[in-house]
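Biologist: Got a minute to walk me through this one? I'd like to know how the pieces sit against each other.

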Amino acid sequence: MKNVIAVTILTIAVNALCIWDVFNTESIFKHMNKESGEIHQSLLVNEITDPNLIQRIEDLDKYWTKKMDILCVSISRKDLQPVSDHIQFLKSSISNNDQETAITYSLLLKYNVEGLKEISGFSFMNIL
């Protein structure tokens, strides 16, 4: 009887962790997708020297740095690294005052986040 209780508690804990991970991953990628898309759109219409744009990129970098460690529970760091790279390239293009490079890396960032969101999300195709 003791074994049944222990196995039941462990099963509930593992399932709760899996459910939390799915919702947390969806939330993180939803935010990243929204922000990277808005940054890209903003770069198309605003100058790279816009302080609000610079702040958004800095905030996105801080957010991603904090959340990437949590995502490593379920997604390989190797798969998450390109997002970090594109954010750093975007930050360096701000330092270099290079609008075209910033637009390119913001679009790459946007596509990379969309791809990660799709492969890590809860969908019928991912269950198969």
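**How the helices pack**

Modeller: Start with one pair: H1 and H4 are roughly antiparallel to each other. Keep in mind that this is a predicted model.

Biologist: What angle do H1 and H4 pack at, and how far apart are their axes?

Modeller: The angle is about 160°, and the axes are 9 Å apart. Here H1 covers residues 2–45 and H4 covers residues 99–120. An angle over 145 degrees counts as roughly antiparallel, so that label fits H1 and H4.

Biologist: And which hand is the crossing of H1 and H4, left or right?

Modeller: Left-handed.

Biologist: Which residues of H1 and H4 meet there?

Modeller: From H1 there are several, including Phe29, Met32, Ser36, Ile39 and Leu43. Their partners in H4 include Ala102, Ser106, Leu109, Val113 and Leu116. By class, the contact of H1 with H4 has eleven nonpolar, eight polar and five charged residues.

Biologist: OK, next pair. How do H1 and H2 cross?

Modeller: Their axes cross at roughly 160° and come within 11 Å. That makes H1 roughly antiparallel to H2. The crossing of this pair is left-handed. Sorted by class, the H1 and H2 contact has 13 nonpolar, five polar and four charged residues.

Biologist: What about H2 against H3, what angle and distance there?

Modeller: H2 and H3 pack at about 160° with their axes 10 Å apart, so H2 is roughly antiparallel to H3. H2 passes H3 in a left-handed crossing.

Biologist: Which residues in H2 and H3 do the meeting?

Modeller: On the H2 side, Ile57, Leu60, Trp64 and Met68 are among them. On the H3 side, you'll find Leu80, Val83, Ile87 and Leu90, among others. The class count for H2 with H3 is eleven nonpolar, three polar and five charged residues.

Biologist: Let's go inside, then. Which residues touch the most other members of the largest nonpolar core?

Modeller: Phe29, Met32, Trp64, Leu80 and Val83, out of 23 residues in that core. H1, H2 (51–71), H3 (77–95) and H4 each supply at least two of its residues.

Biologist: Which helix gives the largest share of this core?

Modeller: H2, with seven residues. As background, nonpolar side chains in soluble globular proteins tend to be buried together.

Biologist: Tell me about Phe29. What does Phe29 touch, leaving out residues up to four places away in sequence?

Modeller: Trp64, Leu71, Ile75, Leu80, Val113, Leu116, Lys117 and Ser120.

Biologist: And Leu60: buried or exposed?

Modeller: Leu60 is buried, because its relative accessibility is 2% and anything under 20% counts as buried. Leu60 sits in helix H2. Leaving aside neighbours within four places in sequence, Leu60 is in contact with Met32, Glu35, Ile39, Ile87 and Leu109.

Biologist: How far apart in space are Leu60 and Val73?

Modeller: They are 20 Å apart, C-alpha to C-alpha, with their places 13 residues apart in sequence.

Biologist: Switching to Ser42. Where does Ser42 lie, and is Ser42 buried or exposed?

Modeller: Ser42 lies in helix H1. Its relative accessible area is 13%, so Ser42 is buried. The C-alpha atoms of Ser42 and Ser106 are separated by 10.0 Å, although the two are 64 residues apart along the chain.

Biologist: What about Arg77, how accessible is Arg77?

Modeller: Arg77 is partly exposed, at a relative accessible area of 42%. Arg77 lies in helix H3. Its contacts, setting aside neighbours within four places in sequence, are Met68, Asp69 and Cys72.

Biologist: How far are the C-alpha atoms of Arg77 and Leu44 from each other?

Modeller: They are separated by 30 Å, and the two residues are 33 apart along the chain.

Biologist: Last one. What's the phi of Asn97?

Modeller: About 55°, so a positive phi, although Asn97 is not a glycine. For context, most residues other than glycine have a negative phi.

Biologist: Where does Asn97 lie, and how accessible is Asn97?

Modeller: Asn97 lies in the loop between H3 and H4. At 47% relative accessibility, Asn97 counts as partly exposed.

Definitions and conventions
Residues are numbered from 1 along each chain as its sequence is written. This is a predicted model: local features need pLDDT of at least 70, side-chain atom pairs count only at pLDDT 80 or more; totals for chains, interfaces and linings use all residues. Side-chain values use heavy atoms; hydrogens and water are left out. Axes are lines fitted to C-alpha atoms, for helices over the stretch in contact, and angles run from 0 to 180 degrees between N-to-C directions. Helices (H or I, at least four residues) and strands (E, at least two) are DSSP runs, numbered from the N terminus. Angles under 35 degrees count as roughly parallel, over 145 as roughly antiparallel, 65 to 115 as roughly perpendicular and the rest as oblique. A crossing is left-handed if the near helix is turned anticlockwise from the far one by less than a right angle, and right-handed if clockwise. Contact means heavy atoms within 4.5 Å. Ala, Val, Leu, Ile, Met, Phe, Trp, Tyr, Cys and Pro count as nonpolar, Asp, Glu, Lys and Arg as charged, and the others, Gly among them, as polar. A nonpolar core is a set of buried Ala, Val, Leu, Ile, Met, Phe, Trp, Tyr and Cys residues joined through side-chain atoms within 4.5 Å. Buried means under 20% relative accessible area, exposed over 50%, partly exposed in between (1.4 Å probe, protein chains only).
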